[in-house]
Amino acid sequence: MANMDVKRVREDFPILGQQVHGHPLVYLDNSATTQVPEQVLSTVAEHYRTSNANVHRGMHYLAHASTDALEHARETVARFVGAADSSCVVFTRGTTDGLNMVARGLAHELGPDDAVVVSLMEHHSNYVPWQQACFAKGADFRVAGLTAEGDLDEAHYAELLADGKVKIVAMTGCSNVLGTVTPVKRLAKMAHDAGALFVLDGAQIMRHGVVDIADLGVDYLAFSGHKMMAGTGIGALCGTRDALEMLAPRDFGGEMVGKVTQALTTWEELPLRLEAGTPNYVGAIALGAACDYLCALGREEIAAYESELVDHAASVLGKIEGLHIAGSPKERAGLVSFTIDDVHPLDLCTLIDARGVALRSGHNCAQPVLDWLGTSSVARLSPAFYNTSAEIDYAAQQIDRAAQMLRAARPRK
């Protein structure tokens, strides 16, 4: 059993204590967005109360205090992901923003004789930008398939790398539909051996283990704050210095320039040259506070407890009549997606919301893998470390109840 004092942890999240439609809230949509603890909320409020000013530009006290807080957050994030130093952390609006920054920033590396590899289970934000970059540059867009269980087909991946034309591999660390945990370290080595850069979509994996750039051997890592106890509109693109230096600036304006004349413009050093304009510095400060909060709880302990919750969810959901869990990968993290015979996920999630249960329904911005599953929509249950097995049991009861109601209401043929 994982060592997690859930009762005490839940005290950090007062939102979890409310009632929804007359029932206690059971929030199990954490793969979409996690809740924010008091420790992060108070950090944001304290900054606005005592230190708020634009960063990097002013010479007054508040400007220095705000800048110091931002750069302290950058150092915290660098330690959290194992970056070489804080200059290898670029603050973004989130995972999607970071991945688009890499796709556009590396466009100059692609030509008609080159290729990019993604996997079938990618979120649209790590699929469409590379697809569009390939379309624009005439490069070959290649999609690595899956095994019948929902793991990456590594033999197919190796085939796609074999001709030496692949310049970039972009893969998720964890599927937001199947929960499949990919063997990132091995995949990155295979990419490097083939002469390709490796881009990791870390959106779904950051809370389910220790993600260390140096250990994994990835060139780029993008992730979002709102999936790891910070607010929305903030994330980070991290990487090796050499890889980040390869990126052409995507946005232009204040802060990212060195010298501007009518004849030419030069760029600032990393990370500023990739952070045009006033950054979301309060969001970055919140992200740093969230990293501190997760480290204080223990990242290994969080991962172990969440793994127990996911295993329990798969077990109890699997007992529901007509319910089919999406995939059976070797390692699943963070979520369980499913369909139920003759029940639409949207109807299901609407009904159980009336009983206080929050799940996700839809294609989860991952239509290629849903096509592979033979469906257009799934329901998804995704616990976090502040959830309990009892909540999952209650959710399963409500899912079963709602499914029976919906099947009973179907017109008879």
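**Exercise 1. Describe the overall build of the protein chain, starting from its helices and strands.**

Solution. Step 1: the protein chain has 14 helices and 17 strands. The model is a predicted one.
Step 2: its radius of gyration is 22 Å, and the globule rule gives 22 Å for 413 residues, so the chain is as compact as a globular protein of that length.
Step 3: the C-alpha trace spans about 75 × 55 × 40 Å along its principal axes.
Step 4: take the contacts between residues at least 6 apart in sequence; 71% of these join residues at least 24 apart.

**Exercise 2. State how much of the protein chain is buried and what its exposed area consists of.**

Solution. Step 1: of the 413 residues, 55% are buried.
Step 2: the chain exposes about 17,200 Å². Carbon and sulfur atoms supply 51% of that area.
Step 3: for the charges, compare mean positions. The chain has 34 positive and 50 negative charges, and their mean positions are 5 Å apart.

**Exercise 3. Find the residues that touch the most other members of the largest nonpolar core, then follow F385 outward.**

Solution. Step 1: the largest nonpolar core has 136 residues, and Y157, F198 and F385 touch the most other members.
Step 2: helix 10, residues 281-297, gives the most to this core, namely 11 residues.
Step 3: as background, nonpolar side chains tend to be buried together in soluble globular proteins.
Step 4: list the contacts of F385, leaving aside neighbours within four places in sequence. Among them are M4, V6, V9 and F13, and also Y293, L294 and L297. R207 and E306 are in contact with F385 as well.

**Exercise 4. Decide whether T95 and K167 are buried, partly exposed or exposed, and name their contacts.**

Solution. Step 1: T95 is found in helix 4, which covers residues 95-105. Its relative accessible area is 5%. Buried means under 20%, so T95 is buried.
Step 2: beyond its neighbours within four places in sequence, T95 is in contact with D201, A203, A222, F223 and S224.
Step 3: K167 lies in strand 7, residues 166-172. Its relative accessible area is 29%. This value falls between the 20% and 50% limits, so K167 is partly exposed.
Step 4: with neighbours within four places again left aside, K167 is in contact with E109, L110, D114, A115, A196 and L197.
Step 5: for a distance, take K167 and R241. They are 74 residues apart in sequence, and their C-alpha atoms are 18 Å apart in space.

**Exercise 5. Locate the cis peptide bond between L270 and P271, and place the positive phi values of D342 and N364.**

Solution. Step 1: the peptide bond from L270 to P271 has omega near 0°, and it is cis. P271 is found in the loop between strand 12 (265-267) and helix 10.
Step 2: D342 has phi near 65°, a positive value in a residue other than glycine. D342 is placed in the loop between strand 14 (336-340) and helix 12 (345-353).
Step 3: phi of N364 is near 55°, again positive in a residue other than glycine. N364 lies in the loop between strand 16 (360-362) and helix 13 (367-373).
Step 4: check the burial of N364. Its relative accessible area is 10%, under the 20% limit, so N364 is buried.

Key. Residues are numbered from 1 along each chain as its sequence is written. This is a predicted model: local features need pLDDT of at least 70, side-chain atom pairs count only at pLDDT 80 or more; totals for chains, interfaces and linings use all residues. Side-chain values use heavy atoms; hydrogens and water are left out. Helices (H or I, at least four residues) and strands (E, at least two) are DSSP runs, numbered from the N terminus. The radius of gyration is taken over C-alpha atoms; the globule rule is 2.2 Å times the number of residues to the power 0.38. Buried means under 20% relative accessible area, exposed over 50%, partly exposed in between (1.4 Å probe, protein chains only). Contact means heavy atoms within 4.5 Å. Accessible areas come from the Shrake-Rupley method with a 1.4 Å probe; for residues, only the protein chains shown count as cover. Lys and Arg count as positive and Asp and Glu as negative; His and the chain ends are not counted. The place of a charge is taken as NZ of Lys, CZ of Arg, CG of Asp or CD of Glu. A nonpolar core is a set of buried Ala, Val, Leu, Ile, Met, Phe, Trp, Tyr and Cys residues joined through side-chain atoms within 4.5 Å.
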